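Biologist: Could you take me through the aromatic side chains in this one, slowly and up close? I'd like to know who sits against whom, and what surrounds them.

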Amino acid sequence: MRLTELDTPCVVIDEDKVEANLAGFQRLCDTLGVALRPHIKTHKLPELARRQLELGAKGITCQKIGEAEVFAAAGFDDILITFNIVGPAKLERLAALAARVERLCVVADSATVVEGLAARFDHPERPLDVMVECDTGAGRCGVQSAEAALELARRIEAAPGLRFAGLMTYPKAFNEAKVQTWFSHAQALFDQAGIAIPGFSSGGTPSMWKLAEAPIVTEYRIGTYIYQDRSQVAAGACRLDDCALAVMTTVVSCPTADRVVVDAGSKALTSDLLGLEGYGCVLGHPGARVVGLSEEHGTLDFSACAERPAVGDLLSIVPNHACPVSNLFDQVHFHRAGLLTRSLPVAARGKVG
């Protein structure tokens, strides 16, 4: 079956580009001796996570318990959840998840989060691994100093059912030097306190090829690299030709000489801008711009193009941000050279709690 026989809008993924993206970064991690722990929030597919492990990944990263539950049910047994787990309902789910997998690790950036974990996990014979999340400049979650990281690590170590598993950060892109400095300062403080740091976890696709500039990092978490997208092209992490995922869409209207309307709107392409102009890159039409999205309509400006499509034509658009797109579709379609190879349900779609 050819991709052109699929109904639109739909997600189409190039098998060969996925394989090349995975293998390329795995080689770098292997060369540097860094454990690769891919983030499944990008693809949400157990089949692709298994391929990542086959190529050498050391476990998976999930953002929420819901994702981890899906992957645990699919047989994955080494899972890191990089989100503060707060509240009795989620702690109960976390405890049930911990009973199903060989190794579960979570993060914390406050005494409140640690206290909640310690109240639910109180058996020293099977402690829950907890990393301290550190804000090394991205301005999201994380303790604000190495001193605060040490204090929180002490709280984790003092809880009978918890085990300190190291320091984790999601840094601002291209700030590897700051990560190195931050973690090195923490290492010195922890050494003085006589507390070992089992590992240093960092991540992010935009500056993936700069990994060697933070040699203290022992684990790298990365998600978008499997598909890549327009934002990663802009960041220099890849070329447009490396982008494996596109949204295939049908031209439904050409109301003016320059305006083209397609059946892929914000419910298919995502409205994320990420500092870019427009909402995607129209393959084969470098001058076209995706200038507007409503829920079901995408508006394209073809004024800079010599050739313009007609009603009924198919277009493929590389989105600004691939990760939300995975969460917008029930299934995705894989191909080689335009021939369908498999269609997979997006198993962890909507599993965000």
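Modeller: Let's start with a rule: a charge sits over a ring if NZ of Lys or CZ of Arg is within 6 Å of the ring centre and within 35 degrees of the ring normal. Keep in mind that this is a predicted model. Lys64 fits that rule, with its charged end over the ring of Phe83, 4.5 Å from the centre. Arg342 does likewise over the face of Phe334, at 4.5 Å from the ring centre.

Now for rings against rings. A pair of aromatic rings is described by the distance of the centres and the angle of the planes. With centres required to lie within 6.5 Å, the count comes to seven aromatic pairs. Take Phe25 and Trp209: their ring centres are 5.8 Å apart and their planes stand at 80°, so this pair is edge-to-face, the cut-off being over 60 degrees. Phe25 belongs to helix α1 (residues 15-32), while Trp209 is in the loop between β8 (200-203) and β9 (219-221), so the pair ties together parts 184 residues apart in sequence. What about burial? Phe25 has 0% relative accessibility and counts as buried, whereas Trp209, at 45%, counts as partly exposed.

Phe25 has another partner in Tyr220. Here the ring centres are 5.6 Å apart and the planes are at 55°, so the pair is tilted. Since Phe25 lies in helix α1 and Tyr220 in strand β9, this pair ties together parts that are 195 residues apart in sequence. Tyr220 is buried too, with a relative accessible area of 3%. Put Tyr225 alongside Phe25, Trp209 and Tyr220, and you have one aromatic cluster.

Next, the nonpolar packing. The largest nonpolar core has 97 residues. Ile81, Leu94, Val132, Leu167, Phe190 and Tyr227 are the ones with the most contacts inside that core. If you look at Ile81 and skip its neighbours within four places in sequence, its contacts include Leu94, Leu97, Leu104 and Val106. Lys64 is also among the contacts of Ile81, and that is the lysine whose charged end sits over the ring of Phe83.

One last stop, away from the rings: Ser231, in helix α8 (residues 230-235). Ser231 is buried, with a relative accessible area of 12%. Its side chain makes a polar contact with the side chain of Asp229, at 2.7 Å. Leaving aside neighbours within four places in sequence, Ser231 is in contact with Leu274, Leu276 and Asn320.

Notes: Residues are numbered from 1 along each chain as its sequence is written. This is a predicted model: local features need pLDDT of at least 70, side-chain atom pairs count only at pLDDT 80 or more; totals for chains, interfaces and linings use all residues. Side-chain values use heavy atoms; hydrogens and water are left out. Rings of Phe, Tyr and Trp (its six-membered ring) pair if their centres lie within 6.5 Å; planes under 30 degrees apart count as stacked, over 60 as edge-to-face and the rest as tilted. Helices (H or I, at least four residues) and strands (E, at least two) are DSSP runs, numbered from the N terminus. Buried means under 20% relative accessible area, exposed over 50%, partly exposed in between (1.4 Å probe, protein chains only). A nonpolar core is a set of buried Ala, Val, Leu, Ile, Met, Phe, Trp, Tyr and Cys residues joined through side-chain atoms within 4.5 Å. Contact means heavy atoms within 4.5 Å. A polar contact is a pair of N or O atoms within 3.5 Å; within protein, one must be able to donate a hydrogen and the other to accept it, and residues adjacent in sequence count only if both atoms are side-chain atoms.
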